[in-house]
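Subject: Structure handover and findings

Dear colleague,

Here is the structure I said I would pass on. Please open it alongside this email, as the notes below follow the chain by residue.

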Amino acid sequence: MPAAGAGATDAAPRLGPPRSTPSVTRRATLVATAVSLLLILAIYFGSRLLRDFDSALLPYAVATVFLAFGVAYRYTVWISAPGARRLFTKGWGSLFSVENFRKAPTALPRMIATYLGLQKFLGARSHARWAAHQLIFWGCVLAAAITFPLTWGWFTFTSSTGAGPGYEMRIWGFKVLGYDSSSLVGWLLFHGLDIAAVLVIPGASYFLYRRMKDRGAMTGQRFAYDLVPLIALIVVSVTGLLLTFSSIFLHGGGYEFLALLHMVSVVFTLIYIPFGKFFHIVQRPAAVGMQLFKYTARQKDEVFHCRRCDTPIDTAPYVENLEATMRDLKLDFAEWAEYCPRCKRELRGNAYLSHVKKGFK
């Protein structure tokens, strides 16, 4: 479904396979098991003791339980690292801080809209990448908002006549909307997943093309981590559109095969999310909290200046947080966070001339 350096930055790190100690593994397994059980209970009670649960959607529901387990496990392992734990505590602490809300009541909703929703920071890199990312993001959000509740039996669409055109949408058994299937509202509800697929396909295709042609992107990419999620999104979207095409234009020809292919692709994608690039989706809210942490510090003019040239670097709490993260990681150069980038380069150059190049004379 369609981005942190741990505690010290606001951009998501490039993630590899999770590394953990036995104690972290046990804790992550317990947390993931608890989250999975809670989801199973939510499905059971949310579908009114399975009365509204569609058995044909059982593979999708099972895949979401595995998704919940994987995300909870990976997230617990991630925040067990010193830097990520600091990002987690500072980020979420800022999000739920009453003091921050009192200082800047509009900051959080504005950052959620611009940083999490519109992702304006991507526009500074490339307008094309920003547009493609928006297509994937909103397409996946729309697909998730429709698919998950339907899969869990929380949403139901019923007709008193059994064949329409009047339908009722119910949530947890309560009627929330009545509509005519031939109306615009009915068309949008029945074709919401098709709309999501139309959004996702061009966005994912752009990034797939870029990763196959752009040398900068090709240099550090990995097939399983970078390319498989994009291919999976395209396959899910294309097979979903083919189901609609089959039912409308082919009178159901090949529908059973396409339905099976679509189900397999969706299940694979859901299970794969915690282990690929899209895991940054669940990391991003903590990064939004870090942005809020920096913003509220700026409102108090807590700006830290370079120790060498007095150039403003960042907010004082942010620099202190970065130094603490480096100490947690047992890095012996935490004080370098107190210098601006230019002074760091000059100090490194002087050190090279004094200690390295000197040995070649």
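In which loop does leucine 49 lie? Leucine 49 is in the loop between α1 and α2. Before going further, please keep in mind that this is a predicted model.

**Overall**

The protein chain has 361 residues, and 41% of them count as buried. Its secondary structure consists of 15 helices and 5 strands. The chain has about 20200 Å² of accessible surface, and carbon and sulfur atoms account for 67% of that.

**The loop between α1 and α2**

Most residues other than glycine have a negative phi. Leucine 49 has a positive phi, near 60°. Leucine 50 is placed in the loop between α1 and α2, and its phi is also positive, near 70°. Leucine 49 counts as partly exposed because its relative accessibility is 44%. Leucine 50 is likewise partly exposed, with a relative accessibility of 42%.

Arginine 48 is found in this loop between α1 and α2 as well. With a relative accessible area of 32%, arginine 48 is partly exposed. Its C-alpha lies 7.4 Å from that of glycine 173, although 125 residues separate arginine 48 and glycine 173 in sequence.

**A nonpolar surface patch**

Leucine 49 and leucine 50 belong to a nonpolar patch on the surface, together with Leu38, Leu41, Tyr44 and Phe45. The accessible area of these residues together is about 600 Å². Leucine 41 comes from helix α1, which spans residues 22-46. Leucine 41 is partly exposed, because its relative accessibility of 45% falls between the 20% limit for buried and the 50% limit for exposed.

**Salt bridges**

Side chains of opposite charge can pair when their charged atoms come close. How many salt bridges does a search of the whole structure find? The search finds 6. Three of the pairs are described here.

Arginine 307 pairs with glutamate 338, and their closest N and O atoms are 2.9 Å apart. Arginine 307 sits in the loop between β4 (303-305) and β5 (312-315), and glutamate 338 in the loop between α14 (316-328) and α15 (341-356), so this salt bridge ties together parts that are 31 residues apart in sequence. Is glutamate 338 buried or exposed? Glutamate 338 counts as buried because its relative accessibility is 15%, and the cut-off for buried is under 20%.

Glutamate 346 and arginine 308 form another salt bridge through their side chains, at 2.5 Å from N to O. This pair links distant parts of the chain, with glutamate 346 in helix α15 and arginine 308 in the loop between β4 and β5, 38 residues apart. Glutamate 346 is partly exposed, at 30% relative accessibility. Arginine 308 is partly exposed too, at a relative accessible area of 42%. Elsewhere, Glu168, Arg170 and Lys175 are joined into one network by salt bridges that share partners.

Within that network, glutamate 168 and lysine 175 meet through their side chains at 3.6 Å, N to O. Both partners are partly exposed: glutamate 168 has a relative accessibility of 25%, and lysine 175 has 49%.

**The largest cavity**

Rolling a probe the size of a water molecule over the atoms shows where empty space is left. Which residues line the largest cavity? The lining is made of Pro229, Ala232, Thr269, Tyr272, Ile273 and Phe278. Helices α11 (223-249) and α12 (255-272) are the elements that give two or more residues to this lining. By class, the lining has 5 nonpolar residues and 1 polar residue, with no charged ones. The space in the largest cavity is about 40 Å³.

**Helix α5 and the residue after it**

Helix α5 covers residues 107-117, and its buried residues are Ala107, Met111, Tyr115 and Gly117. Glutamine 119, just after α5, takes a positive phi of about 50°.

**Where to look**

If you only have time for two places, start with the loop between α1 and α2, where leucine 49 lies. Then go to the loop between β4 and β5, which holds arginine 308 of the pair with glutamate 346.

Regards

Methods. Residues are numbered from 1 along each chain as its sequence is written. This is a predicted model: local features need pLDDT of at least 70, side-chain atom pairs count only at pLDDT 80 or more; totals for chains, interfaces and linings use all residues. Side-chain values use heavy atoms; hydrogens and water are left out. On a 1 Å grid over the protein atoms alone, a cavity is a set of points where a 1.4 Å probe fits but cannot get out, and a pocket is an open set with protein on both sides within 12 Å along at least five of seven lines; lining residues have an atom within 4 Å of a point. Grid points are joined across faces, edges and corners, and a volume is the space filled by probe spheres set on the points. Helices (H or I, at least four residues) and strands (E, at least two) are DSSP runs, numbered from the N terminus. Ala, Val, Leu, Ile, Met, Phe, Trp, Tyr, Cys and Pro count as nonpolar, Asp, Glu, Lys and Arg as charged, and the others, Gly among them, as polar. Patches are made of residues with over 30% relative accessible area and no salt bridge: like charges are joined within 9 Å, nonpolar side chains (Val, Leu, Ile, Met, Phe, Trp, Tyr) within 5 Å. Accessible areas come from the Shrake-Rupley method with a 1.4 Å probe; for residues, only the protein chains shown count as cover. A salt bridge is a side-chain nitrogen of Lys or Arg within 4 Å of a carboxyl oxygen of Asp or Glu. Buried means under 20% relative accessible area, exposed over 50%, partly exposed in between (1.4 Å probe, protein chains only).
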